[in-house]
Every structure is written in structure tokens, then in C-alpha cells.
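Colleague: I should like to learn how to read the packing features of this structure. Could you take me through them one at a time?

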Amino acid sequence: MLIRLSLANLWARKRRLVGLALAVLLGTAFLSGALVLADTMNSSVGGLIRDSGAGTDVVVRNATSVTDRPGTQRGAIDAVLVDRVRAVPGVAGAEPVIQGYGQVVGKDGKALTGNGPRMAGNWIADPALTPYRLATGRAPTAPDEVVIDRGSAKQGHLRPGDRVTVLTPGPVPVTIVGVATFGDLDAFGGGSYTAFDLDGARRYVMRDPGKVGTIAVRAVSGTDQKDLAARIQRALPADVQAVPGSVATGEAVSAVEDSFLRVFRTFLTVFAAIALVVAAFSINHTFSVVAAQRTREVALMRALGASRSQALRQALIEALVIGVVASALGLAAGLGLAAGLKELFAGLGFELPARGLTFKASTALTVLPVGILVTAFAALVPAVRGSRVAPVTALRGAGAERTELPRRRLIVGLVLLAAGLAVGIAGGGLVGLAIAAPALLAGVLLVAPAGIRAAGGPLTAPLPRLRGAPGALARGNLLRSPRRTAGAATAMLLGIAIVTLFAVFAASLKEGAGDQTRKVIAGQLVIGGSSPGGWAGGGHSPELTRRAAELPGVVAATGIRNAGALVDGHSRQLLAVDSARLDRLFDLDVKKGRVTGLGANGMAVSADSAKDRGWQLGSTAEVTFPDGARQSFTVTGLYDRTAVVGDYLIDRIAWESHADAALDAATVLRLAPGTSTDTVEAAVERLAKDYGAPPVRDREGFVRARAAMLQTLVAVVYVLLALALVIALGGIANTLSLAAYERTRELGLLRAIGAARSQVRSALRWESTLVAVIGAASGLVVGLFLGWVAIRAIGGANTGAALPFSVPTVQLAVLVGVGALGGLAAGARPAARAARLPVLRSVATE
Amino acid sequence: MTTTIDPTNDYAARAEHVARVHGEGDTVVRALDDVTIGFPRGRFTAVMGPSGSGKSTLLHCLAGLDDVTDGAVFLGDTELGSLTDRQLTRLRRDRIGFVFQAFNLLPTMTALENIVLPASLAGRKSDPAWLDRVVAAVGLEQRLHHRPGELSGGQQQRVAVARALVGRPEIVMADEPTGNLDSRSGAEVLALLRDAVNELGQTVLMVTHDPVAAGYADSVVFLADGRIADHMQAPTPDRVLDRMKAFDRVAAGAGARGE
Ligand SMILES: Nc1ncnc2c1ncn2[C@@H]1O[C@H](COP(=O)(O)OP(=O)(O)O)[C@@H](O)[C@H]1O
Ligand SMILES: [Mg+2]
């Protein structure tokens with residue numbers, strides 16, 4: 001009986017049903033979308049790597065591993081080993097694999113850059129041993145023929161027959177003979193791949209005809225991977241290892257998962273949490289909008305003899321029906337959202353190496369309970385309240401909409417607010433932030449209704465004068481129930497506060513990084529060093545560095561070379577430089593000793609790292625190079641400024657004998673006093689044309705370019721945060737149209753006594769705009785404060801220089817403007833609908 | 001009795017052969033059926049009839065809140081059928097004053113704000129002297145800054161009457177204005193309407209099913225089954241009650257009694 005009554009009740013108020021369901025759907029869809037996207041990334045990146053290694057039964061490789069960063073290679077091995085491996089019984093096929101840096105230059109002379117490593121290697125004919133499949137054209141058969149990935153082909157409008165240059169990093173003129181796909185994808189994420197024939201790869205990518213990178217082995221069918229690996233191992237010298245293909249693949253998968261994927265996943269989870277909180281507030285508020293009517297209904301049932309528990313049960317059943325149906329729909333909508341986000345990211349230049357969508361049971365197991373519980377909670381509160389109100393009171397219409405503000409809430413709110421402010425101002429690092437942020441937000445939410453009552457009146461007082469009767473109506477509706485107004489603004493407040501916090505944070509980081517970069521570069525010109533997305537592996541030929549150093553007006557120059565190695569057994573990123581005149585090129589804020597003339601055995605170390613390792617001047621550091629060789633270095637200098645250069649500096653002489661050194665990530669040039677920077681810059685640019693035209697910039701230009709590297713990531717983050725704002729605006733629109741529906745009689749009365757449609761419309765629009773502005777403005781203040789606390793917390797946690805507090809005024813102004821306009825837009829539809837209501841029906845509505 | 005229009009008379013509002021049909025086919029309801037009637041200026045006219053007889057429909061049609069299926073309604077010399085929605089809105093705002101049975105006031109506005117609402121919707125200021133006089137007449141001087149929630153039902157209804165009067169409309173239309181009130185509060189509201197006619201020369205049209213209320217009017221029109229059934233001049237509650245009883249016996253099938 002109760003269930004039938006509940007369902008009938010739901011059906012009778014379809015508009016309300018739709019509104020409530022919409023609120024739940026919006027919230028759960030975002031949660032579901034974030035989870036699906038994260039799972040998709042995880043499984044498809046892993047899947048892609050597994051697929052690409054699926055046919056490889058054994059990998060023969062250098063035994064020394066200096067880094068497990070994805071996209072970096074181990075040292076090379078002897079090419080003669082290929083034949084030795086082929087001779088091992090059980091080996092059906094063995095192919096040398098060469099991989100290194102290779103950047104295609106488009107027809108316009110500009111490198112085809114993207115958000116992923118730029119790789120080149122040898123074309124492998126055995127389809128079991130490579131993920132690449134020819135889409136058009138043929139395999140390369142001469143050293144100057146290449147196959148490129150379809151992503152690059154599309155990007156540069158290239159097809160077989162085209163002649164282009166590949167930078168490896170020296171310029172190699174080649175003819176494209178084929179276009180290949182990575183499995184069924186155009187490319188691996190945002191990366192690119194260029195395949196020479198084996199000779200070409202040895203000559204241009206490996207630059208040592210006697211070496212290959214690894215050997216991929218296919219076993220005779222029925223052979224066990226482990227057994228075969230063991231047998232091959234017996235044919236190999238000690239510094240080369242044979243590992244089962246599944247092991248090598250597993251290592252590669254976890255390397256990717258540990259680095260970039262973990263960051264992405266964490267980030268999506270944070271976003272999902274934000275979306276959830278915003279959605280929870282939105283749902284809760286939506287239910288409180290209908291609370292007035294709900295309360296009356298419950299009271300009527302009570303008056304007719306229903307027990308309190310019956311009334312509550314009925315409300316609960318209704319909420320469950322809405323919660324279950326809407327959450328399920330939201331779950332499904334999340335799939336669409338994830339697909340859309342993927343496309344959007346790709347549009348922003350953040351290509352995800354993913355195909356299809358992965359929907360895991362855990363997503364449903366998170367989204368459904370969360371959606372249902374939040375809905376049930378949000379629905380029960382007004383029902384409980386309704387069951388407490390004396391039936392007569394509720395039926396007379398009084399007491400339904402509570403306008404009094406409980407003093408206790410206000411006091412608790414003020415205490416929390418004060419505590420949040422005090423902790424935030426006192427500092428206390430990240431712990432302080434973790435206490436201040438929730439306390440402050442909770443405090444603001446509790447105090448908001450009283451604040452609106454106290455300040456809302458005077459602040460909106462000019463409105464009736466400016467906007468006449470509609471203004472007065474909007475104002476009256478805002479102030480009639482401060483709690484309702486505060487509730488409507490809450491989602492907006494949270495959304496804007498979070499976006500503001502992030503914007504301040506990003507701007508300050510950027511500013512801080514810019515400051516540091518500006519300080520550390522002592523030269524006037526920088527070549528390269530700003531690959532988009534900051535992918536390691538990019539760069540230009542050291543020959544360009546050498547020739548630039550010889551230009552008139554250049555007094556000192558160094559290439560910067562990333563050098564992954566083990567330092568006392570720990571994987572570290574070293575920088576190999578020309579240290580002879582390093583002090584002219586970098587201002588490292590040297591604390592002790594010297595950073596110039598490091599020679600074959602000297603190492604300069606940041607003061608922080610030295611402290612961590614317990615080193616002093618003269619301490620010995622044991623370095624293992626990618627080729628497996630070990631060497632002791634003496635610490636000759638300690639410095640403080642680590643921007644751009646990192647924590648460990650060695651001379652290129654020490655590096656070149658152990659690893660492929662033909663790639664400078666960037667080059668810094670120092671000019672003679674009185675030399676025109678512009679003149680030299682032009683000369684360097686002319687030189688650079690022969691080397692794929694890496695950008696040449698003065699110091700400020702370099703600082704800006706480094707900052708721009710963050711831009712893609714920042715854009716992705718903004719997209720996600722914008723979605724949180726969309727939830728907030730959707731919530732405002734939804735509650736407003738519900739509120740208009742609940743106020744049908746009021747609007748009808750207005751029309752009956754002579755309000756024009758436009759006046760009704762205007763009143764509702766003003767109402768939603770004001771709600772949005774209230775939310776946006778207070779969110780801005782809260783976000784700025786928390787941003788300030790966060791910046792100080794980071795600055796404190798990091799022994800480096802404190803970050804400047806930088807407010808991105810333009811972005812924030814746009815943000816608040818968008819919030820306000822969003823409020824206006826959110827109000828447009830409900831306002832139009834309310835204005836169209838037939839007067840008579842409105843007046844007659846019971 | 002089809003003709004109740006005297007061409008020599010001056011009517012504030014009139015209906016000519018008005019029909020209003022709801023629904024279609026089997027469910028068709030003739031809420032008004034060939035109604036012709038005029039409401040003379042400066043007089044207090046009551047429309048009576050059992051529940052469902054079409055009283056509210058007639059009022060709504062006269063106010064341009066509802067469309068007529070057939071015939072024509074006039075406010076003064078303005079024929080409402082030819083007006084656009086915008087013109088109808090202005091007409092209601094400027095030329096008609098409304099008092100409904102319930103839910104007459106906007107809860108977010110004070111009594112005073114409610115009273116001057118039609119004027120402020122028009123972007124006008126109310127004539128202060130006239131406003132004072134009306135407020136004094138309805139006895140609300142002490143209550144002007146209260147919200148509807150803080151007023152009794154009778155006080156709320158008096159605010160509604162004040163709102164209807166303050167714009168000096170050509171006609172005040174009231175639909176069961178005392179339906180929700182106890183008899184004393186109801187008497188106050190009715191006396192107010194009576195005074196408005198006597199002292200201000202206001203035209204009032206009131207729908208009611210209460211014989212006592214009808215007793216305040218100058219004349220009564222009886223509706224039954226959507227048709228004009230009778231007229232009565234200078235009604236008293238007893239005479240109206242007698243007439244209604246007789247009427248009930250005749251039109252036994254007219255529908256349920258009471259609201
Ligand atoms: N929107 C409508 N749809 C169908 N029938 C209606 C509608 N409005 C009124 N009616 C019918 O018209 C008749 C007259 O209604 P009404 O004018 O409200 O009567 P009164 O006010 O005299 O009680 C009634 O039978 C009623 O059921
Ligand atoms: Mg009626």
C-alpha cells in the first residue's frame with residue numbers, strides 16, 4: 001500500500017520528479033565519468049603495452065638499468081649477439097631492436113611536436129615482434145627510407161613519396177615509403193615513431209654500427225618463455241640479460257603506471273571527489289527546495305492518521321526510487337562523459353593512449369551507493385522535519401518554510417570560521433592547510449544564511465529602485481529564506497573556491513618557476529629546451545651548439561644533456577654540461593667549492609641533495625652509467641639554485657664515453673659585453689634552420705616558453721574544474737525551475753494583477769543571477785584565502801625559495817563573470833517557462 | 001431570460017451571448033451557456049449560484065483571464081477578445097482590481113508593498129493622498145510593514161481589497177472574497193466593499209454562494225448550469241436564501257452544494 005502511494009505520489013508530481021532526478025543524475029554522471037576515464041587510461045595503457053609485447057617471448061637487453069622512467073632506454077648491446085641468439089635451439093626468430101630519439105620535420109620546416117616522446121628505430125618485419133602495422137606503402141629497404149606513424153602523417157599531411165627531414169638529432173633527409181599504425185591506433189598517445197631500415201637505424205639512431213638496443217625473440221611454438229630465456233642467457237656475456245617477454249612487459253607497464261598514470265589517476269580521483277561534494281550539495285539543496293511542499297504533504301498524511309514512521313517510510317521509498325533510477329542513469333551518462341572528455345583532451349593536445357572505454361564493476365559499486373545514499377539523506381531531512389511539525393500548523397501553510405536561523409548553527413559556524421582563519425593565517429604548512437580548508441568551508445556554509453540575512457538586505461536595497469517591481473520581487477525571494485538562498489549558492493561557492501584556489505596556485509607556481517629560471521640563466525640566449533609537455537628526449541644536435549659557440553659575439557656556450565644514471569645505487573637524473581665556463585652561463589648561487597672545470601671526475605651537487613646523502617666537499621659519489629660502467633666522482637662544489645639544471649652536474653667528457661651523447665636538450669649562450677642580442681639571435685636562428693629549427697630565445701622568451709609548457713596541463717585541469725562549475729550552474733537552473741514550479745500560484749497571482757510576462761521573466765532571471773553572484777563572490781574570497789595559505793604551505797614545506805603569491809586577475813575576473821553570466825543563463829529557461837504559464841491555471845492551482 | 005442589457009444604461013463591464021466550453025466529445029462541459037449581462041457603473045453586483053454553476057468562469061472571462069468560446073465581453077467600450085496578451089495584461093493592471101478567495105498576497109512583500117504592487121509593476125507611484133485614504137478605510141495603518149505571514153486571514157483579505165481599490169480601477173472583481181473567513185472578518189471585508197461603492201463610487205462585482213454576503217449588494221444575478229437564472233434588486237439575506245432554496249428544488253441536478 002505504502003509503496004503504491006509513494007509511486008503514485010511521485011508520478012503525480014512529475015515536474016518535481018524530473019528536477020530531483022536531474023540533480024542526482026548530474027552529480028553521479030560526473031563521478032562515474034571520472035572513474036571510467038581513470039580506469040580506461042589504466043587498462044588501455046597497460047593493454048597497449050601488453051599487446052605490443054605479446055608476440056615477444058624473450059627480450060635480450062643490457063643488464064644495467066639506471067632508470068625506470070618510461071621512454072628511456074638501457075645501454076646498447078653488441079650486434080654480434082643477434083646471430084648468437086638465433087642459433088639457440090627453440091628460437092624461431094630474433095630481431096635487433098633499435099630505439100632512440102627521432103623527430104620528423106614537417107614540410108614547413110618546423111618539427112612535428114606533440115605530447116609524447118619522439119622516437120625513431122628500425123622497422124621490424126616480423127609482426128609478432130612489433131606492434132606497428134603498415135597501413136599504406138611498404139617497409140623501408142634503404143637507409144634513407146622511413147615508415148612514420150599515422151598520427152604524424154595526419155599532423156604533417158605526409159604520405160608515401162614525400163621527402164622530409166628526420167632529426168636524430170642530426171638532420172637526416174629521408175623519403176617516406178610507408179605509414180604505420182600502432183595496433184589499431186594512429187600512434188601511441190601523443191608520441192611519434194619513425195622507422196628506418198636496420199642499416200639506417202644503426203647509422204642515424206644508434207650511431208654505432210656494432211651495437212643494437214635490444215633483441216626481440218620469438219620462440220618455436222610450444223617452448224616455455226622462462227626455459228628459453230635461461231637457455232639464451234647461457235649464450236650471453238654477463239652484462240647482457242635475457243628475460244621472458246611477460247616480465248619485460250610487466251616492467252614496462254608498471255613503469256608507466258607509476259609515473260604519468262599515477263599522476264593522472266590521482267588527479268581524476270581528486271576531481272571526482274570535488275564533483276561529488278558539489279553534487280551532494282546540489283542534490284541536498286534541490287530536495288530542500290521542495291521541502292516546503294513535502295512538509296505539508298507529510299503533515300497532511302499525519303493529520304489523516306498516518307504514523308510518523310509511515311510518513312517517513314513513504315518519503316524514504318520515494319527517495320530510493322529516485323536515487324536508484326537516477327544514479328543508474330548517471331552511471332550510464334558517465335560513460336558518455338568520459339568519451340567526451342577523452343576527445344576534449346585530445347583537442348587540447350593531450351592525447352591519451354587509450355581506446356574504447358573501460359567500465360569496471362567497481363565504478364558501479366561506487367557510484368550507485370553514493371548516489372542512493374546522498375539522495376536518501378537529502379530526502380529524509382525535510383521528511384523528518386515535516387513529521388515533527390504539528391499537522392495543523394503545516395496544513396495552514398505556516399511553518400513549512402523555515403525562516404528562523406538556529407542560533408547554534410550560527411555559533412558553531414562562527415567558531416569554525418574563526419578557527420579556519422586563525423590556522424590559515426598562523427601557517428603550519430600542509431597540515432595547517434588540511435585543517436584550515438575544511439574548517440573554513442564548513443564555517444562559511446553554516447554562517448552563510450545569517451550573512452545573507454544581515455548583508456543581503458542592504459546590498460540588494462538598490463535593486464528595486466534600479467529594476468522596479470521585478471527587482472523587488474527578486475530581492476524578496478532571495479531574502480525570504482536565507483537558508484534556501486545560501487543552499488542554492490553553495491555549489492557555486494564551492495566550485496568557484498576550488499577553481500580560484502587552483503588558479504592562484506598555478507599562477508604562483510608559474511611565477512615562482514619563472515623567477516627561478518630567470519635567476520639561474522646567466523647567458524643571454526637559449527636554444528631549445530622547451531618541448532611541449534616537457535617530454536624528456538627532445539633536443540637538437542650538439543653540432544649546433546658547437547657552431548653557435550663559434551659565432552662572433554658568443555663568449556661561452558654549453559649544451560645541456562640529460563644523463564640518467566645510478567648515483568650510489570639510486571636512479572638519478574644528472575645533467576652533463578660543458579663545465580669550463582659554467583659560471584658565465586648559469587648563476588647557481590654556489591655555496592661552497594666550484595662548479596666550473598669539473599673534468600672527468602668532478603661533480604657539482606645541490607646543497608639539498610648533498611645534505612640528504614650526507615656529502616661534503618670532497619666526498620665521493622659512485623656513479624653507474626647506462627652501459628654498466630662504474631666510476632667514482634668527487635664532489636667539488638655545492639650550489640643552491642636548482643631550476644633548469646637539477647641536482648647533479650657532471651662534465652660532458654665524463655658522460656660521452658659511456659652513453660650516446662648526441663643530443664643536447666638545450667643550449668645556453670653567453671654574449672660578449674656590448675654585443676647586440678638581436679644580431680646574434682638572428683645568426684643563431686639561421687644556423688638552427690639546418691637542425692630542425694629549434695626555437696632560439698632570449699632569457700625572457702625562454703622563461704615564458706618554459707611557463708607555456710605547463711599550459712596544456714593547466715588547460716586540462718581547467719576543463720575538469722569547469723565541469724564542476726557546470727554541475728553548480730545546472731544545480732542553480734534546476735532548483736530555480738523547481739522553485740518557480742513550487743511558486744506557480746505566486747507567479748499566477750502576479751500575472752493576474754497585471755505583471756507582464758517580461759516582468760516575471762526578469763524577476764526570476766535576477767534571482768538566479770544574484771544567487772550565482774553571491775556564490776561566485778564568496779567562493780572567490782574563500783579561494784583566494786585558501787590559495788594564499790596553500791602557497792605559503794608549499795613555500796614552507798620546500799626549502800627552496802618561497803613562492804610568490806600571484807593572483808591571475810584576468811582569469812579570475814573572467815571566472816566570476818562566467819559564473820554570473822552562467823547564473824543568468826541558468827535562470828533563462830525556468831524564467832521563460834514561468835512567464836509562459838497560463839494565468840488561470842496558476843491561479844487555480846491548489 | 002436572455003437579455004439583461006439595457007442599451008440606455010452605462011455598464012462598467014458586460015457579456016454578450018458568452019459561451020465557455022471545456023473539454024471535447026463525451027467530456028464536454030458548458031461552463032457558460034449564452035450569458036448576456038451587464039454590470040452598471042457605481043453599483044455593487046453579486047453573482048450567486050451553486051457550486052459548479054459557472055460563477056468563477058464568468059468572472060475570469062470578464063477579466064480576460066479566460067477566453068470565451070463564443071460571444072463577446074467588454075470592459076467599458078473595450079472588447080477583450082481582440083486584445084493581445086500584452087494589452088490584456090495592461091488592462092488587468094490598470095483597469096481592474098482583483099480579490100481572490102485565497103492566496104491573494106505575495107509572501108515576500110510587506111502589506112504596503114503588496115498594495116502598491118500593480119502601480120510599481122506599471123512603473124508608477126501611487127497617489128499618496130488616495131493611498132492614505134484607502135489604507136485608512138481598510139484600517140491597516142498599523143500593519144503596513146508586516147508580511148502576509150504575520151497577518152490574520154481577515155487582515156490579509158483587507159490588504160487585498162486595499163490593493164484592488166488603490167488603483168481606482170473601473171471595476172473591482174472579487175471571487176468569494178469571504179470564503180475563507182470567519183463571519184466577523186467576512187463582515188468587515190464586505191462592509192469595506194460596500195463603503196467603496198457608497199463613498200468612492202466604485203463599481204464592484206462579487207462572486208459568492210453565501211446569501212449573507214449577497215445581502216451587501218445592490219443587486220444579485222443568479223447563475224445555474226452556466227445560464228442566467230434570475231435577478232433580484234435590493235437583496236436581503238433572507239430573500240436570497242428563499243430564492244436559492246426554490247432554485248435548488250427546480251434545478252435538482254445542477255450539482256453538489258457547498259464548496
Ligand atoms: N479547466 C476546466 N476544464 C474542464 N472543466 C472545467 C474547467 N474549469 C471549470 N470547469 C467546469 O466548469 C463548470 C463551472 O466551473 P466554475 O466556474 O469554477 O464554477 P463555480 O465557480 O460556480 O463553482 C464546472 O462544472 C467545472 O467543473
Ligand atoms: Mg468558483
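Modeller: Let us begin with a helix end: α23(A) is followed by A:Gly754, whose phi is positive, near 115°. Please bear in mind throughout that this is a predicted model.

Colleague: How many of the residues of helix α23 of chain A are buried?

Modeller: Helix α23, residues 744-752 of chain A, is mostly covered, with 8 of its 9 residues buried. The buried residues include A:Leu747, A:Leu749 and A:Leu750, and also A:Glu746 and A:Arg751. For chain A as a whole, buried residues make up 51% of the 846 residues.

Colleague: Which residues outside glycine have a positive phi in chain B?

Modeller: Two cases may be cited. B:Arg168, although not a glycine, has a positive phi of about 45°; B:Arg168 is found in the loop between α6 (153-166) and β7 (171-175) of chain B. B:Ala234 also has a positive phi of about 45° without being a glycine, and its place is in the loop between β10 (227-233) and α9 (237-250) of chain B.

Colleague: Are these two residues buried or exposed?

Modeller: B:Arg168 counts as partly exposed because its relative accessibility is 48%. B:Ala234 has a relative accessibility of 53%, and therefore counts as exposed.

Colleague: What lies beneath the side chain of B:Arg168?

Modeller: B:Arg168 lies over the face of B:Trp130, at 4.4 Å from the ring centre. A further example in chain B is B:Arg243, whose charged end sits over the ring of B:Phe222, 5.7 Å from its centre.

Colleague: How should a pair of aromatic rings be described?

Modeller: Two quantities describe such a pair: the distance of the centres and the angle of the planes. Over all chains, the count comes to 8 aromatic pairs. One of them joins A:Phe196 and A:Tyr204, with 5.6 Å centre to centre and 45° between the planes, and is tilted. A:Phe196 is buried, with a relative accessible area of 0%, whereas A:Tyr204 is partly exposed at 22%.

Colleague: Why is the pair of A:Trp615 and A:Tyr648 edge-to-face?

Modeller: Planes over 60 degrees apart count as edge-to-face. The planes of A:Trp615 and A:Tyr648 stand at 75°, with the ring centres 6.3 Å apart, so the pair is edge-to-face. This pair links distant parts of the chain, 33 residues apart: A:Trp615 is in the loop between α18 (607-613) and β20 (620-624) of chain A, and A:Tyr648 is in strand β22 (residues 648-651) of chain A. Both A:Trp615 and A:Tyr648 are buried. Elsewhere, ring pairs link A:Tyr132, A:Phe182 and A:Tyr193 into a cluster.

Colleague: How are two packed helices described?

Modeller: One gives the angle between their axes and the distance between the axes. In chain A, the axes of helix α12 (residues 407-426) and helix α13 (residues 429-460) come within 7 Å and cross at roughly 145°. The crossing of α12(A) past α13(A) is left-handed.

Colleague: Which residues meet there, and of what class are they?

Modeller: From α12(A), the residues in contact include A:Arg409, A:Leu410, A:Gly413 and A:Leu417; from α13(A), they include A:Gly432, A:Ile435, A:Ala439 and A:Val447. By class, the contact of α12(A) with α13(A) has 16 nonpolar, 5 polar and 1 charged residues.

Colleague: How many helices and strands does chain A have?

Modeller: The secondary structure of chain A comes to 26 helices and 24 strands. Of the contacts in chain A with a separation of 6 or more, 82% are between residues 24 or more positions apart.

Conventions. Residues numbered from 1 in each chain as written. Chains lettered and ligands numbered in written order. Predicted model: local features only at pLDDT ≥ 70, side-chain atom pairs only at ≥ 80, totals over all residues. Heavy atoms only, no water. Phe/Tyr/Trp six-rings, centres within 6.5 Å; stacked < 30°, edge-to-face > 60°. Buried < 20%, exposed > 50% of the residue type's maximum accessible area, 1.4 Å probe, protein only. Helix = DSSP H or I, 4+ residues; strand = E, 2+ residues; numbered from the N terminus. Lys NZ or Arg CZ within 6 Å of the ring centre and 35° of its normal. Axes fitted to C-alpha atoms, helices over the stretch in contact; angles between N-to-C directions. Left-handed = near helix turned anticlockwise from the far one by under 90°. Contact = heavy atoms within 4.5 Å. Nonpolar A, V, L, I, M, F, W, Y, C, P; charged D, E, K, R; others polar.
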